[in-house]
Amino acid sequence: YNRTEGEVRVKLESQNGLAMLTVVDTGQGIPAEDLPRVFGRFFRADQSRTGAGNAGLGLSISKAIVEAHGGTIEVASEKNTGTTFTVHLPI
């Protein structure tokens, strides 16, 4: 989820036996109070994004897949600056 003419940058690298995938956007960011809940099933920080295809399951499914492969997923965000998701997977 990003602003008009925003950017999404994807980076993949190897560090200490882990594949590290980083996805950074220039969107509106996620409020700090919502960060602990973003991986929860059916959670949507922006309630205006309801409707077809917006069930609030994407991040919870992503987390389950990453953890099933022995990895971790983290989120960091700053209001009006963007959000960064980082995935670490064993190689």
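These are my notebook entries on one chain, looked up in a predicted model.

**Entry 1: overall layout**

I began with the secondary structure. I found 1 helix and 4 strands in the chain. Reading from the N terminus, I wrote the order down as β-β-α-β-β. The chain has 91 residues, and 26% of them are buried. I then looked up the exposed surface. The chain exposes about 6200 Å². Carbon and sulfur atoms supply 54% of that area. I also checked how far contacts reach along the sequence. I took the contacts between residues at least 6 apart, and 47% of these join residues at least 24 apart.

**Entry 2: strand pairing**

Next I went to β4, residues 82-90. I asked which strands pair with β4. One is β2, residues 18-25, which runs antiparallel to β4 over 7 bridges. Another is β3, residues 72-78, also antiparallel to β4 and joined to it by 7 bridges. On the β2 side, I noted Thr22 opposite Thr86 of β4. On the β3 side, I noted that Glu78 has Gly82 of β4 as its bridge partner. I then looked at the link between β3 and β4. They form a hairpin, with 3 residues between the strands. Asn80 sits in that turn and has a positive phi of about 60°.

**Entry 3: Thr86**

I stayed in β4 and picked Thr86. Is Thr86 buried or exposed? I count Thr86 as buried because its relative accessibility is 13%, and the cut-off for buried is under 20%. I listed its contacts, leaving out neighbours within four places in sequence. Thr86 touches Met20, Leu21 and Thr22, and also Thr72, Ile73 and Glu74. Thr22 lies within the range of β2, and Thr72, Ile73 and Glu74 lie within the range of β3.

**Entry 4: the nonpolar core**

I followed Ile73 from there. Which residues make up the largest nonpolar core? I found 9: Ile30, Leu35, Val38, Phe39, Phe43, Val66, Ile73, Phe85 and Val87. Beyond four places in sequence, Ile73 touches Phe39, Ser62, Lys63, Val66, Thr86 and Val87. Phe39, Val66 and Val87 from that contact list are also members of the core.

**Entry 5: Ser60 in the helix**

I moved to α1, residues 58-68, and looked up Ser60 there. Ser60 has a relative accessible area of 12%, so I logged this residue as buried. What does Ser60 touch, leaving aside neighbours within four places in sequence? I found Phe39, Gly40 and Arg41. Phe39 appears again here, having already come up among the contacts of Ile73.

**Entry 6: Asn2 at the start of the chain**

Last, I checked Asn2, in the segment before β1 (8-15). Asn2 is at 26% relative accessibility, so I put this residue down as partly exposed. Its contacts, not counting residues up to four places away in sequence, are Glu7, Val8, Asp25, Thr26 and Gly27. I took a closer look at Thr26. Asn2 and Thr26 are 24 residues apart along the chain, and their C-alpha atoms are separated by 6.4 Å. Their side chains make a polar contact at 3.4 Å. I also looked at Glu7. Its backbone oxygen lies 2.8 Å from a polar atom of the Asn2 side chain. I noted both Glu7 and Thr26 as partners of the Asn2 side chain.

Notes. Residues numbered from 1 in each chain as written. Predicted model: local features only at pLDDT ≥ 70, side-chain atom pairs only at ≥ 80, totals over all residues. Heavy atoms only, no water. Pairing = 2+ DSSP bridges. Helix = DSSP H or I, 4+ residues; strand = E, 2+ residues; numbered from the N terminus. Buried < 20%, exposed > 50% of the residue type's maximum accessible area, 1.4 Å probe, protein only. Contact = heavy atoms within 4.5 Å. Polar contact = N/O pair within 3.5 Å; in protein donor to acceptor, adjacent residues only side chain to side chain. Core = buried A, V, L, I, M, F, W, Y, C linked by side-chain atoms within 4.5 Å. Areas by Shrake-Rupley, 256 points an atom, 1.4 Å probe, with all protein chains shown as cover.
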